[in-house]
Amino acid sequence: MVYKLLEVIRQKKSYILKYLENKESDISLQEISSKWNSYTPDGKDVHIAASDGSFYSKQYLGFFLGVFSGYAESFDPKTQKIDSDFVGDIYLSVIKQSDNFKTLLTLFMFLSEVKALYNLAKKEKPEFLILDGTITSKFIIPFPLPYWFTKEEPYDLLSIVKQLYPKVKENCLSYPSIYSLSKEIEEDVLNLLSEKRRDLLEVVISQLTYYEHLITLYHFLNLEYKPIIIGLAKTSTGTDLLNSSIPDIKLFLDYCKDLGYSQPVYQNLQNLKSEFGLLKDIDPDLNNRLYDLTIESFYAKYSDIRSINLIEYFQHPDRPTVEEKEILDYLKNTTSVYNYPLRLRMVDNQVRITAADFEKIEKEIGLNFSITGREAL
């Protein structure tokens, strides 16, 4: 650091502290407390399942390589039975930018963790399902665009996506992993491409995967046996409830000293996502069904007043209304320290892909001595 920068910082220190002090004085404690409901959960045992995902990527000369996985685990307190499901894969890409590749891997990871929990729920029928992170975050993942992979305008690729979409929709839910990344779909795409190029193949595959993700998400939320489904996040930048420049989660954490929950906020996907790629043209029925979904969100302290979670809940229209108190009762008996469900912590430990894990993968493939872009500088 240039020493003179520290001098500039010292000169502005009092200004910054005064600004932060004024921001604190603008907070209405009465408004915060009026939107908080004190409640000490009773604690109820429930057959629970949770899922989480992870990915790791690296850039080499001429290509990117990524690995991703989703892992779900269930626990039935009555029988002490533990079950699990896994979805994961490795993906090679000629994508143009590392940021876009991370977004693509996030899409693959989201689908993997939802698919793993969907598969497990269909088999074991747990009553209480938890996704790591919010439900809405799974919907607003960006649509993969052609320019991520190629500088051309490959308009003919849309016709291939439309042609293969019905096949993906028909088979993806029964396929144990990601159907759009299967060898069968890859061969179908290559047979339809006029030029057998990796970049064009990836445009089609990534867009089909995006639609498969939406199909899986919708059916996961609408499982036939209608379990309670929540998404749980440890952080949030939302300000919808208290309308402050400071996130709601921070204000509730600092100024509400009792266990309990906030007033809910109801979110329609229409307000969060203007369009799901070209889904309205390819599958208008599913597009409309997605926009009919309403997600309830609220903040909660249920086992530790020193931490708080954002909880999103899908209120299924065909089941009795589930109250926030019931959700907290279930979380109370499934929680480790710091307001975090034990089952989520366990799947996080299982699914996490580390740098050491990726080194093992490189050695397994034979890429451990491959040249990367950085080494070529």
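## Strands, pockets and aromatic contacts in a predicted model

Strand β3 and strand β4 (residues 81-93) run antiparallel and are joined by 13 bridges. The model is predicted, and the values below are computed from it.

Within the pairing of β3 and β4, Gly66 stands opposite Tyr91, a residue of β4. The hairpin formed by β3 and β4 has four residues between the strands, and in it Gln80 takes a positive phi near 60°. Tyr91 also takes part in a contact with a charge: the charged end of Arg198 sits over its ring, 5.3 Å from the centre.

On its other pairing, β3 meets strand β2 (residues 48-60), again antiparallel, and 13 bridges join the two. Here Ala50 stands opposite Glu73, which belongs to β3. Two residues lie between the strands in the hairpin of β2 and β3, where Gly62 takes a positive phi near 95°.

How far is β3 enclosed by the rest of the structure? Of the 14 residues of this strand (residues 63-76), 13 are buried, so β3 is largely enclosed. Buried here stands for a relative accessible area under 20%. In a regular strand, side chains alternate between the two faces of the sheet.

### Pockets and a cavity

The volumes and lining classes of the two largest pockets and the largest cavity are set out below.

| Space | Volume | Nonpolar lining residues | Polar lining residues | Charged lining residues |
|---|---|---|---|---|
| Largest pocket | about 430 Å³ | nine | 13 | six |
| Second largest pocket | about 310 Å³ | nine | two | two |
| Largest cavity | about 50 Å³ | six | one | two |

The largest pocket is lined by 28 residues, and those nearest its centre are Thr134, Thr235, Ser236, Leu310 and Glu312. Two or more lining residues come from each of α4 (135-139), β6 (228-233), β8 (265-268), β9 (294-301) and β10 (309-314).

Strand β8 includes Gln267. Gln267 has a relative accessible area of 15% and therefore counts as buried. Its C-alpha atom is separated by 5.2 Å from that of Ile295, although the two residues are 28 residues apart along the chain.

The second largest pocket is lined by 13 residues, with Phe143, Leu145, Pro146, Gln207 and Leu278 nearest its centre. The elements that give two or more residues to this lining are α5 (156-171) and α7 (198-221).

The structure holds one cavity of 30 Å³ or more. The residues lining the largest cavity are Leu221, Leu223, Lys226, Pro227, Ile229, Tyr313, Phe314, His316 and Arg319.

### Aromatic contacts

Over the whole structure, 18 aromatic pairs are found. One of them is formed by Phe143 and Tyr210, with 5.0 Å centre to centre and 75° between the planes. How are these two rings arranged, stacked or edge-to-face? The angle is over 60 degrees, the cut-off for edge-to-face, so the pair falls in that class.

This pair links distant parts of the chain: Phe143 is in the loop between α4 and α5, Tyr210 is in helix α7, and 67 residues separate them. Phe143, at 13% relative accessibility, counts as buried. Tyr210 has a relative accessible area of 0% and is buried as well. A second pair, of Trp148 and Phe149, is tilted, at 6.4 Å centre to centre and 45° between the planes. Both Trp148 and Phe149 are buried.

Which residues join Phe143 and Tyr210 in one aromatic cluster? The cluster is formed by these two together with Tyr165 and Tyr211. Phe143 thus appears in this cluster and among the residues nearest the centre of the second largest pocket.

A further contact between a charge and a ring involves Lys138, which lies over the face of Phe110 at 4.7 Å from the ring centre.

Key
Residues numbered from 1 in each chain as written. Predicted model: local features only at pLDDT ≥ 70, side-chain atom pairs only at ≥ 80, totals over all residues. Heavy atoms only, no water. Buried < 20%, exposed > 50% of the residue type's maximum accessible area, 1.4 Å probe, protein only. Pairing = 2+ DSSP bridges. 1 Å grid on protein atoms, 1.4 Å probe; cavity = no way out; pocket = protein on both sides within 12 Å on 5 of 7 lines; lining within 4 Å. Points joined across faces, edges and corners; volume = space filled by probe spheres on them. Nonpolar A, V, L, I, M, F, W, Y, C, P; charged D, E, K, R; others polar. Phe/Tyr/Trp six-rings, centres within 6.5 Å; stacked < 30°, edge-to-face > 60°. Lys NZ or Arg CZ within 6 Å of the ring centre and 35° of its normal.
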